[in-house]
Amino acid sequence: MLRLFTKEDYGFASKLLPRLTHKYFDIYLNSQTGFIIEDNNLESVGILLYSFLWEKLPFVQHLIILESKRNQGYGSLALTDFENIMKQQGYKLVMLSTQVDEKAQFLYRKLGYIDCGSLFFENTNFDQPCELFLKKKLD
């Protein structure tokens, strides 16, 4: 389901996240914090990118599924795989965020994530709907 980025994945990843430059792709590649989400036929259907807050808290920055593959369970499976990887590495908590006008928040809550804060950008270059942060304890 999840496999780490390879150099060949830049075209697919940048198609899903157009602002992903070669520079930042290389950061995800070299730090092993970028995943391709694959279906049962090993076809790429999405990406999951993460980083660490305060060098100790895994934070999903992007979970993007191809539009034609949405609502088929790939997001749920990808998050479950990610959580298992983080748990195996000894992490006890993961976080992610989404804008309050996106449907993703309902998936995240269904998977056991709980709201833990929000962030507003007003009168900035980053103006957008409220960003909702969610967390999940890993048992």
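Q: Is Phe 82 buried or exposed?
A: In this predicted model, we can place Phe 82 by its relative accessibility, where anything under 20% counts as buried. The value for Phe 82 is 0%. Phe 82 is therefore buried.

Q: Which kind of aromatic pair do Tyr 50 and Phe 82 form?
A: The two ring centres sit 4.9 Å apart, and the planes make an angle of 65 degrees. Planes over 60 degrees apart fall in one class, so the angle settles the matter. The pair of Tyr 50 and Phe 82 is edge-to-face.

Q: How many residues apart in sequence are the parts that the pair of Tyr 50 and Phe 82 ties together?
A: Tyr 50 belongs to strand S3 (residues 44-53), while Phe 82 belongs to helix H3. Tyr 50 is buried too, at 4% relative accessibility. Because the partners sit in these two elements, their pair ties together parts whose separation in sequence is 32 residues.

Q: Which residues form one aromatic cluster?
A: Tyr 50 and Phe 82, the edge-to-face pair, both belong to it. The full membership of this cluster is Phe 35, Tyr 50, Phe 52, Phe 82 and Tyr 91.

Q: How many aromatic pairs are there by this rule, and what is the angle between the planes of Tyr 10 and Phe 25?
A: The count comes to eight aromatic pairs. Tyr 10 and Phe 25 form an edge-to-face pair, with 5.4 Å from centre to centre. This pair links distant parts of the chain, with Tyr 10 in helix H1 (residues 10-16) and Phe 25 in helix H2, 15 residues apart. The angle between the planes of Tyr 10 and Phe 25 is 75 degrees.

Q: What are the relative accessible areas of Tyr 10 and Phe 25?
A: The cut-off for buried is under 20%. Tyr 10 is buried, and Phe 25 is buried as well. The values are 18% for Tyr 10 and 2% for Phe 25.

Q: Where is the place of Phe 5, and which residues is Phe 5 in contact with?
A: Phe 5 is in the loop between strand S1 (2-4) and H1. Phe 5 is buried, with a relative accessible area of 6%. Leaving aside neighbours within four places in sequence, the contacts of Phe 5 are Ala 13, Phe 25, Tyr 28, Leu 29, Gly 34, Phe 35, Ile 36, Ile 47 and Leu 49.

Q: Why is S5 largely enclosed by the rest of the structure?
A: S5 runs parallel to S4, and two bridges join them. Across this pairing, Val 60 stands opposite Leu 96 in S5. S5 is largely enclosed because, of its seven residues, the number that are buried is six.

Q: Which residues does Gln 99 touch?
A: Gln 99 is found in strand S5. At 18% relative accessibility, Gln 99 counts as buried. Not counting residues up to four places away in sequence, Gln 99 touches Gln 105, Gln 128, Pro 129, Cys 130 and Glu 131.

Q: What is the volume of the largest pocket, and which residues are closest to its centre?
A: About 1400 Å³ of space lies in the largest pocket. Its lining is made of 39 residues, and those closest to the centre are Leu 63, Ile 64, Thr 98, Glu 102 and Tyr 108.

Q: Which element gives the largest share of the lining of the largest pocket?
A: The lining divides into 20 nonpolar, 12 polar and seven charged residues. Seven residues make up the largest share from one element, and that element is S4.

Technical notes
Residues numbered from 1 in each chain as written. Predicted model: local features only at pLDDT ≥ 70, side-chain atom pairs only at ≥ 80, totals over all residues. Heavy atoms only, no water. 1 Å grid on protein atoms, 1.4 Å probe; cavity = no way out; pocket = protein on both sides within 12 Å on 5 of 7 lines; lining within 4 Å. Points joined across faces, edges and corners; volume = space filled by probe spheres on them. Helix = DSSP H or I, 4+ residues; strand = E, 2+ residues; numbered from the N terminus. Nonpolar A, V, L, I, M, F, W, Y, C, P; charged D, E, K, R; others polar. Phe/Tyr/Trp six-rings, centres within 6.5 Å; stacked < 30°, edge-to-face > 60°. Buried < 20%, exposed > 50% of the residue type's maximum accessible area, 1.4 Å probe, protein only. Contact = heavy atoms within 4.5 Å. Pairing = 2+ DSSP bridges.
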